[in-house]
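Student: I would like a close look at one part of this structure, please. I work at the bench, so plain language suits me best.

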Amino acid sequence: MSRPVIFAVDEDAKSLHHIERELSDRYSRSYRIVCLASAPEATEELARLADAGEQVALVLAGERELLGAVRGHHPHALRGLLIDYANWGHDPTGEVIFAAMARRQIDYYLIRPMRAPDEMFHQAISTFLLEWAHAQRVSSHTVHIVGEAWTGRAYELRKVLGRCALPHAFCLADSPEGRSLVAEVGDGKPLPLVVFPNGEVLADPSNAELTMAAGGPVSPGGRDFDLVIVGAGPAGLSAAVYGASEGLRTLVIDGGGIGGQATLSSLIRNYLGFPRGISGRRLAEEAYEQAWVFGAHFAFMQQATRLERSGDRVSVGLSDFPDVSARAVILATGVEYRRLEVDHIESLALKGAGVFYGGPSTEAPAMADRDVFVVGGANSAGQAALHLAEYAARVTLVVRASSLDAGMSHYLVQQVEASPNIDVRLNTEVVGGGGDGWLEQLELRRRGDAGPETVRADALFLMIGARPNTDWLPSEVLRDDGGYVHTGLEAGDAPEWPLQRSPLLLETSMPGIFAVGDVRHGAMNRVASAVGEGSIAVRLVHDLFAIDRLSAVESRP
Ligand SMILES: Cc1cc2nc3c(=O)[nH]c(=O)nc-3n(C[C@H](O)[C@H](O)[C@H](O)COP(=O)(O)OP(=O)(O)OC[C@H]3O[C@@H](n4cnc5c(N)ncnc54)[C@H](O)[C@@H]3O)c2cc1C
């Protein structure tokens, strides 16, 4: 296969010369560099490359219109808008760049290189190339799964790798790629096969074996801790970073892997410090690494099943290991998606047969040229539709409300409306559907219509609201009618609160147990607020320990 192309267009001869020199010096071993001075010539060449079946990874140009047209020929190419140094506030302004991103003409901007070597330019190029490699599943860290079908065990293994925030790709055993992998490493082993980048091969592994091979610890590695955090989503990971960095012996347990709901988000655009956005998977990986180097312990694939106070310690029951205990516990268990409760659709969802709860970060590449439906009217559904539109032939967003603005941020509404292959069906619900082994059709009912309409559908992504993961908690932890945990003053007002002092800000009605992130009553449902609460809770844990020390001194005879 020929090298993927990095393509640059600039009418300024001097600038084009700098760009060509920088690109050729660094990338010409792995990529073919094509640099042209004229936009019409570039458009022709892009069409010619598409006809010749060549892969274009990245296109750089100063013209937004040219970049906007690239996807017509190369749907997966990333597009960087070249701007001049110190041109902020002139054309293009931040507003223009944002609008071009919203209309999906460009992916981001970068500054034309100046003196060689221009490391800022290369940082931008490497970021684009890494994003492209991840999306195309060609990054060197990609784990490959080979299975007999997209559904069943192969689907479950893909879900486990997704929860470990590991980039992975799937191929069928009877595809050319599958046959070559089986011939190379299969050696008569049972399918599905999981092939790691370091050459390790697992044949039909259990979830725990796969998690361990992916570098995720499963055993808590001890029984007594200062702090146990339940949930490794953004709130739990943040608490882990602060807890471990401030000297607390900290254990994080999660029923899956890292990242929680954030791993479902293909691009988080509103988290501070990431102007071009960051995928939830990447954010989770970085946060996990940060907590780990500070010394936090992790136990994945462990469900917390019980919470019980004995004296000044709290014990937490685990699904596969003996209880662990701590002086304080932070609940960061987030939420889980509501079910659609249409029997045929639920049974397809269980097998991963074209019906998926949550965002499409893992499944999106498999949706190439398909007719895909997303149900939901919130930001998560908007993001999912946009991400799927990069691959699918047509995406239909099914929304119960009568307008998109009712539940979605304005910038996402703009992007959805500007996407030529996204249809929006308002006032509409999914009331039925099915298929033989894989989703084939859906029944949609529009408010006011007599009967449902049957439409052909290759896949359905459900993002229809959430339910907190709190069923396992004891009655001492007060919850609202929806199951969300009360904290602070609300917890103190409850008859369950047993102490003279008031609860601390994020403390629940069970002293020493804190709740943070989406699981909390009144949560903001944002990554940033979950992360903020994780850090605040650790500060409150220190305050709690100080109160306990003080009362121990006061009660001394
Ligand atoms: C598709 C999508 C896109 C989104 N986009 C954005 C965005 O662009 N910007 C933004 O700010 N927010 C976004 N959000 C919201 C954001 O992801 C959440 O607000 C955030 O993840 C909440 O973090 P959390 O740690 O509280 O909970 P979660 O992320 O839900 O994590 C909870 C963790 O607890 C674990 N757990 C649950 N119960 C147990 C148990 N009993 N034992 C052990 N472990 C348990 C779960 O396995 C999970 O890993 C998006 C959400 C989705 C779904």
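Student: In which helix do Glu286 and Arg282 both lie, and how many residues apart are they?

Tutor: Happy to help! This is a predicted model, where local features need pLDDT of at least 70 and side-chain atom pairs count only at pLDDT 80 or more, while totals for chains, interfaces and linings use all residues. Residues are numbered from 1 along each chain as its sequence is written, and side-chain values use heavy atoms, with hydrogens and water left out.

Now to your pair. Glu286 and Arg282 both sit in helix α10, residues 280-293, where they are four residues apart, about one turn of the helix. Helices here are DSSP runs of H or I with at least four residues, strands are E runs of at least two, and both are numbered from the N terminus. The two side chains join in a salt bridge, with N to O at 2.8 Å; that term asks for a side-chain nitrogen of Lys or Arg within 4 Å of a carboxyl oxygen of Asp or Glu. In general, side chains of opposite charge can pair when their charged atoms come close. Glu286 is partly exposed at 36% relative accessible area, and Arg282 is partly exposed too, at 28%. For these words, buried means under 20% relative accessible area, exposed means over 50%, and partly exposed lies in between (1.4 Å probe, protein chains only).

To place your pair in context, the count by this rule comes to 26 salt bridges. One of them joins Arg456 and Asp371, with their closest N and O atoms 3.4 Å apart. This pair links distant parts of the chain, 85 residues apart: Arg456 is in strand β23 (residues 453-456) and Asp371 in strand β18 (residues 371-375). Arg456 is exposed, at 52%, whereas Asp371 is partly exposed, at 22%. Another salt bridge ties Arg501 to Glu507 at 2.9 Å between the closest N and O atoms. Here Arg501 is partly exposed at 22%, but Glu507 is buried at 0%. Elsewhere, salt bridges with shared partners connect Arg71, Arg79, Asp107 and Glu390 into one network.

The ligand is worth a look as well. It is surrounded by 35 residues, and the closest are Arg163, Asp254, Ala304, Tyr337 and Gln383; a residue counts as near if one of its heavy atoms lies within 4 Å. By class, this shell has 15 nonpolar, 16 polar and four charged residues. A ligand nitrogen lies 3.0 Å from a backbone N or O atom of Gly255. On the side-chain side, an N or O atom of Asn270 is 2.9 Å from a ligand nitrogen, and one of Trp472 is 3.4 Å from a ligand nitrogen. The protein covers 94% of the 1,000 Å² of accessible area that the ligand has on its own. The elements that give two or more residues to the shell are α9 (234-245), β16 (335-337), α12 (379-389) and α15 (527-554).

Last, the cysteines. The structure holds zero disulfides, a disulfide being a pair of cysteine sulfur atoms within 2.5 Å. Cys164 is in none, and the nearest cysteine sulfur, that of Cys171, is 20 Å away. Cys164 is buried at 13% relative accessible area.

Key:
A polar contact is a pair of N or O atoms within 3.5 Å; within protein, one must be able to donate a hydrogen and the other to accept it, and residues adjacent in sequence count only if both atoms are side-chain atoms. Accessible areas come from the Shrake-Rupley method with a 1.4 Å probe; for residues, only the protein chains shown count as cover. Ala, Val, Leu, Ile, Met, Phe, Trp, Tyr, Cys and Pro count as nonpolar, Asp, Glu, Lys and Arg as charged, and the others, Gly among them, as polar.
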